Structures are given as C-alpha cells and as structure tokens.
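Please open the model in a viewer and keep the sequence panel in sight. The tour below proceeds by selection, from the whole chain to individual helices.

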Amino acid sequence: MHELYKDSNGNEPAYPRYYRQAEKKLKREQRKLSLMQKGSKNRDKQRIKIAKLHEKVANQRKDFLHKQSRQITNVYDCVCVEDLDMKAMSQALNFGKSVSDNGWGMFVTYLKYKLEERGKILVKVDKFFASSQTCSCCGYVNKETKSLAIRAWDCPQCGVHHDRDVNAAINIRNEGMRIALA
Ligand SMILES: [Zn+2]
C-alpha cells in the first residue's frame with residue numbers, strides 16, 4: 001500500500017519516494033542486525049544506526065501526514081472517513097505491517113484536530129457500512145464485489161462503471177453527509 005487513501009474524486013496521494021526509500025533501507029538494516037552475533041560490538045553499533053533511521057522514517061511520515069491533512073483542511077469544511085480498524089484489517093488480510101504502519105490512525109487524528117481548530121468537522125462512518133458493495137449511483141448492493149481482489153466493476157442495475165475505492169469513497173461521503181446534516 002503506497003497510497004495513504006483514495007478520495008471520492010479519485011485522488012490517491014502516495015507516500016513520497018524519499019520516504020519509501022528510507023523505509024526500504026530500514027528493513028535492509030534490520031535484516032543485517034538479525035544476522036549479527038548477539039553481544040558483539042557491531043551489533044550494538046547497528047542497533048544505534050537502526051534507532052536513528054527509525055526516527056528519521058517516523059519524522060518523514062509525520063511530515064507527510066501533516067502536509068496532507070493541512071491541504072485537505074484548507075479545501076474542505078466537512079471530511080468523511082471510514083472508521084477502519086487497521087489492526088484487525090491487517091490481521092484478517094495477512095498484510096502484516098504494511099497496513100498498520102501506513103499511518104492511517106495518525107492521519108485521522110491530525111485531520112480531526114486541524115479541522116476542529118477551524119470550526120470544521122470530521123465525520124467517521126461505521127466500518128460495517130457496506131461501502132464497497134453498494135453502487136453509489138443507484139444503491140444496488142453487489143455481493144460479488146466483497147473480495148478485495150475486485151478493483152473495478154459494472155453495476156448490473158444501472159450499468160455505471162465503478163473504481164472500487166472511488167465508489168466506496170463516494171458512499172462514505174454520502175453517508176457522512178447524511179449523519180452530519182441529521
Ligand atoms: Zn447502479
């Protein structure tokens with residue numbers, strides 16, 4: 001997962017290249033560490049190197065998340081997001097670290113306080129809301145799109161072609177607006 005999210009306009013901001021490179025380097029250095037002899041001087045040195053790299057990666061991620069949430073706050077008065085349980089999701093899908101580490105929780109936290117600081121709102125839509133299976137045009141519920149492998153589909157009822165994530169984002173926006181205006 002190189003993208004942080006996909007929105008209802010089809011935007012999907014990717015993590016910057018330098019961040020992904022630093023992340024790769026971190027993984028490489030961690031592998032090296034695992035091969036070093038316990039109690040050795042080299043292992044100690046490597047541990048320090050990794051701790052520094054870790055901090056660098058964490059700071060780059062925070063910078064990116066701040067920048068993204070700031071941009072959204074500048075443009076929108078109300079932002080609707082799916083209330084994802086990233087831990088359960090990564091376990092269920094066997095994605096391991098990549099999902100839980102993509103900073104989603106941190107991003108939502110930044111977004112929320114930045115919006116609220118300016119009198120704007122963040123609406124969380126229940127994760128059980130079947131956003132990826134419902135046609136955002138006609139409301140038809142397509143049980144066949146449950147699998148994450150299906151990235152695009154045509155609505156059998158109204159014929160509209162959907163990008164899975166954009167369609168889901170539109171549904172989340174509509175449901176969030178309904179909650180916000182209720
Ligand atoms: Zn439809």
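Begin with the whole chain: of the contacts in the protein chain with a separation of 6 or more, 58% are between residues 24 or more positions apart. Two residues are in contact here if their C-beta atoms, placed from the backbone, lie within 7 Å. The model is a predicted one, in which local features need pLDDT of at least 70 and side-chain atom pairs count only at pLDDT 80 or more, while totals for chains, interfaces and linings use all residues. Numbering starts from 1 along each chain as its sequence is written.

**Overall layout**

Colour the chain by secondary structure: 6 helices and 4 strands should appear. Their order from the N terminus is α-α-β-α-α-α-β-β-β-α. These elements are DSSP runs numbered from the N terminus (helices: H or I, at least four residues; strands: E, at least two). Of the 182 residues, 18% count as buried. A residue is buried if 20 or more other C-beta atoms lie within 10 Å of its own, exposed if 12 or fewer, and partly exposed in between.

**The nonpolar core**

Next, select V79, C80, V81, L111, L122 and I172, which touch the most other members of the 15-residue largest nonpolar core. Two or more residues of this core come from each of α2 (41–75), β1 (78–82), α5 (104–117), β2 (121–125) and α6 (164–181). Such a core is a set of buried Ala, Val, Leu, Ile, Met, Phe, Trp, Tyr and Cys residues joined through C-beta atoms within 7 Å. In soluble globular proteins, nonpolar side chains tend to be buried together.

**Helix α6**

Centre on I172: leaving aside residues up to four places away in sequence, I172 touches C80, V81, E82, V125 and S131. Now extend the selection to α6, whose buried residues are N167, A168, A169, I170, N171, I172, R173 and G176. These buried residues pack against β1, β2 and β4 (161–163). With 18 residues, α6 reaches 26 Å from its first C-alpha to its last, close to the 26 Å expected at 1.5 Å a residue. The expected span is 1.5 Å times one less than the number of residues in the helix.

**Helix α2 and its partners**

Move to α2, which has 35 residues and reaches 52 Å from first C-alpha to last, close to the expected 51 Å. Its buried residues are V57, R61, L65, S69, I72 and T73, and they pack against α1 (17–35), β1 and α5.

Show α1 alongside α2: the two pack at an angle of about 160°, with their axes 9 Å apart. That makes α1 roughly antiparallel to α2. Among the residues making this contact are Y18, L26 and L33 of α1 and R43, L53 and F64 of α2. Axes are lines fitted to C-alpha atoms, for helices over the stretch in contact, and angles run from 0 to 180 degrees between N-to-C directions.

Then replace α1 with α5, which packs against α2 at an angle of about 40°, with the axes 9 Å apart. The two helices are therefore oblique to each other. Angles under 35 degrees count as roughly parallel, over 145 as roughly antiparallel, 65 to 115 as roughly perpendicular and the rest as oblique. The residues that meet include L65, H66 and I72 in α2 and F107, Y110 and L111 in α5.

Finish at H66, which lies in α2. H66 is partly exposed, because 15 other C-beta atoms lie within 10 Å. Select Y110 as well: H66 and Y110 are 44 residues apart in sequence and 6.6 Å apart in space, C-alpha to C-alpha.
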